[in-house]
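Biologist: I am new to this structure and would like a close look at a single part. Please start from one pair of residues, work outwards step by step, and explain each term when you reach it.

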Amino acid sequence: MTRQEKGLWTAVIVLTLGMLVMGSVMVVQGLRTGREEGELPHDSGQEEGSAVATINGEVITDKEWTDALKKRYGSELLLQMLNRKAVYAEAIARNLTVTPKEIAKELTNAMDGYDSEQSYYDEMQSQLGLSRQDLELEAGYRLLLEKIATINIQIKDSDIERYWNEHQEDYVSPEKYDLSMIVVKDKREADSLLEALENGADFEQTARVESTDSFSRDLGGKLGWIEQNDPFQPEEVLNLAGQLEIGDIAGPVDIQEGYAIIKLNDIQERQEQSAEEAHEEIRMQLALSQADPLPQVEERLRNKYEAVVVSDIPAS
């Protein structure tokens, strides 16, 4: 699994599990104190037959609401709670921990392709209701599960070196451009807009009013961070961006949708990870390729710690 694939997989896990898991440090403390993290809080003063909402004169009771939640999410949530308890019990038994640095690195992989760290957290919050802490806790859970899955797998240094020599490009971040763009159909109009921008017209406002690009228009023309070799952006735009200084406005360039004027807001230089920095990451990748699938590891741990469902849970 390459570094990019691992980042994508992390993002997928975040989207599917969300806030149902927690980081190892908090969990170890929670298990030792007997706290039940992740359970839906229950208001002891809320009777099952009491109303939680009304519509058109009809009442939705607390019991109806709870039953609907159980029917829709009950089996999945219960299974994930059992997995979490089993994984953290095993972590305590084996004295395994996850550091804040490891969690930060995992999240950095998941952020690949977002404009910034803040834009990633804002997107997760607005689209999924997940806070930064929720995402950190999920990353910690997955890292801990991976350590358990690979604890008895030994990887030779020679295998790590061979992998590094064959996959060095996976550990290179190409040059990136933070771009804004205005697209119009007519070249004469594009030349006129460029002249106005060079004379002080506001790029963002001009994009909102004049641009025909539906993706970036409402964002004031902002495209966000784009890699130097992004296959989804016009080559002409990327080539022009590579010639600009931060703050420069240039164009128009002929693209499929018309004529584009671009502004370079910022730039990130090409970054390369050293073999020493990538050593542990490669070791884990190779170990995971030999390990049992993670769901199978979770199932084995549930059995080890004698997980039993004592109440019927409606099927989703």
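Modeller: Ala-250 stands opposite Ile-262, a residue of E7. This is a predicted model, in which local features need pLDDT of at least 70 and side-chain atom pairs count only at pLDDT 80 or more, while totals for chains, interfaces and linings use all residues. Residues are numbered from 1 along each chain as its sequence is written, and side-chain values use heavy atoms, with hydrogens and water left out.

The two strands to compare are E6, residues 249-255, and E7, residues 258-268, which pair in the antiparallel sense over 5 bridges; strands pair if DSSP finds at least two bridges between them. The names come from DSSP runs numbered from the N terminus, with at least four residues for helices (H or I) and at least two for strands (E). With 2 residues between them, E6 and E7 form a hairpin. Pro-252 has its place in strand E6, and the peptide bond that leads to Pro-252 from Gly-251 is cis, with omega near -10°.

Moving outwards, the hairpin belongs to an open sheet of 4 strands in the order E5-E4-E7-E6, with antiparallel pairing. Its edge strands, each pairing on one side only, are E6 and E5 (222-227). On average, neighbouring strands of this sheet are turned by 35° against each other, direction ignored; for such angles, axes are lines fitted to C-alpha atoms, for helices over the stretch in contact, and the values run from 0 to 180 degrees between N-to-C directions. In a regular strand the side chains alternate between the two faces of the sheet.

At the other end of that order, E4 and E5 run antiparallel and are joined by 5 bridges, and Tyr-177 has Ile-226 in E5 as its bridge partner. Strand E4 covers residues 176-184 and includes Lys-176. Lys-176 counts as buried because its relative accessibility is 16%; buried means under 20% relative accessible area, exposed over 50%, and partly exposed in between (1.4 Å probe, protein chains only). Leaving aside residues up to four places away in sequence, Lys-176 touches Asp-112, Trp-225, Ile-226, Glu-227, Asp-266, Ile-267 and Gln-268, where contact means heavy atoms within 4.5 Å.

Two helices should be viewed together with this sheet. Helix H8, residues 187-198, lies across E4, E6 and E7 and runs at about 170° to E6. Helix H9, residues 203-210, packs on the sheet by touching E4, E5, E6 and E7, and its direction makes about 45° with that of E4.

For the wider setting, turn to the largest nonpolar core, which has 36 residues, and in which Val-87, Leu-107, Tyr-120, Leu-135, Leu-144 and Ile-282 touch the most other members. A nonpolar core is a set of buried Ala, Val, Leu, Ile, Met, Phe, Trp, Tyr and Cys residues joined through side-chain atoms within 4.5 Å. Among the elements that give two or more residues to this core are helix H3 (62-94), helix H6 (132-150) and helix H11 (275-290), and H6 gives the most, with 8 residues. Apart from this largest core lies another one of 17 residues, and Tyr-177, already met above, is among them, as are Val-253, Ala-260 and Leu-264.

The structure also holds 3 aromatic pairs. Tyr-88 and Tyr-141 form an edge-to-face pair, because their ring centres are 5.8 Å apart and their planes stand at 75°; rings of Phe, Tyr and Trp (its six-membered ring) pair if their centres lie within 6.5 Å, and planes under 30 degrees apart count as stacked, over 60 as edge-to-face and the rest as tilted. Since Tyr-88 lies in helix H3 and Tyr-141 in helix H6, this pair ties together parts that are 53 residues apart in sequence. Tyr-88 is buried at 1% relative accessibility, and Tyr-141 is buried with a relative accessible area of 3%. Trp-164 and Tyr-171 make a tilted pair, with ring centres 5.7 Å apart and planes at 45°. Both of these residues are touched by Ile-282, which also touches Ile-160 and Tyr-163, again not counting residues up to four places away in sequence.
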